[in-house]
Amino acid sequence: MEESTVAADDILNDLKTEFTSLVQRIPKHCIQEFSKVVRDWFETVDGFVDNNDVYLNSIREDIRDYEGLPLSAVMATEHVSHPEIGDFACLEPSNVVHVDQFLYDDDVIDELCEDGRMSRNYCLECKSHRTKPLTFISHSASLLMLKYIFKDVLPDLNGKVLVDVGSRLGPVLYGGYYYSNSSKIVGIEMNEDLCRLQSHVIEKYHMTERVKVICADVLDKDEILLEADVVVMHNVFEFFANIEQQIKIWRFLSKSIRKKGTLIVTIPSIDEMTQSLQMDFDLLSWVEELPLAHDHHNLDPDDIDDLERVHLYRVV
Ligand SMILES: C[S@@+](CC[C@H](N)C(=O)[O-])C[C@H]1O[C@@H](n2cnc3c(N)ncnc32)[C@H](O)[C@@H]1O
């Protein structure tokens, strides 16, 4: 055996002994917090690769090349309409572009802009250099958001059923598979082309034992919601349902997600999603909001803003 291998073995053995004695000192109620410290540390180590990240990156690349999915990641069969109410209503639709945050992170967007396939700006006067940034809107969760939801926001999901309402390209399903122990992960998506895309990924990556997508309107799937321990709703209805439909869906959700203790993750908050809707029923008595720790280190301000849009509730 080479001398350097022996030295490395000795160092590793010493470290294992020290580590074992260190973890024995961790009080039970601090284990979760401590595991986060260790995970965060690994993410700062150059060259350290998490296998789950590798799978999710590979899925992203596959979906980018999926036949029939345009650069906007909006299928030709979808009816996406600019909201009449809420935060986006005041934006001029022609200055808004759909850029999927799960498929395209900032580095990929930079490459697409360099190739001339995407632009971050629009021209205020033709041929002039006076330009203004376009507003990018994503209909999917980013990798960063998925990791935050599954590693920091939600408790251990061992044996739990997770439902993503409006699963679209499926990031929440794949994130749930790779970053949580959830035993059953169900996506409900009303667009058939998007369901085909998700089924393709689920089969290709052998996730069928724990993951499935149901092609339906959530309004017809109350039995799935009743079974859920965790429900995720990411900007589901604003761009995909008119005001009357949104009111109907919220009434239905508050009646169907009734199991006490069910956790609901929303992006943005329920209040933001519903404040412009004239509802004659009370959502506040349905759930209580649980505080989230927002101790994001080494992130840029846009990413922190994104993560601060995540909210957690418990059905009371
Ligand atoms: C913003 S995307 C959510 C993406 C995904 N959950 C994520 O976080 O990446 C909203 C999706 O909800 C779907 N959707 C909207 N209303 C729905 C309904 N009533 N039933 C089922 N799916 C619906 C839309 O087709 C769209 O794909």
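**Exercise 1.** In which loop is Asn235 found? Describe its backbone and its exposure.

*Solution.* This is a predicted model, in which local features need pLDDT of at least 70, side-chain atom pairs count only at pLDDT 80 or more, and totals for chains, interfaces and linings use all residues. Residues are numbered from 1 along each chain as its sequence is written, and side-chain values use heavy atoms, with hydrogens and water left out.

Step 1: Asn235 lies in the loop between strand 8 (230–234) and helix 9 (243–256). Helices (H or I, at least four residues) and strands (E, at least two) are DSSP runs, numbered from the N terminus.
Step 2: Its phi is positive, about 45 degrees, although Asn235 is not a glycine. Most residues other than glycine have a negative phi.
Step 3: With a relative accessible area of 11%, Asn235 is buried. Buried means under 20% relative accessible area, exposed over 50%, partly exposed in between (1.4 Å probe, protein chains only).

**Exercise 2.** Is His206 buried or exposed? Place this residue in the chain.

*Solution.* Step 1: The loop between helix 7 (192–204) and strand 7 (211–215) holds His206.
Step 2: Phi of His206 is near 55 degrees, a positive value.
Step 3: His206 counts as exposed because its relative accessibility is 63%.

**Exercise 3.** Which strands are joined to strand 11 by four bridges?

*Solution.* Step 1: Strand 9 (residues 263–267) runs antiparallel to strand 11, with four bridges between them; strands pair if DSSP finds at least two bridges between them. Thr266 stands opposite His311.
Step 2: Strand 10 (residues 287–290) is also antiparallel to strand 11 and joined to it by four bridges, with Glu288 opposite Arg314.
Step 3: Four of the five residues of strand 11 (residues 311–315) are buried.
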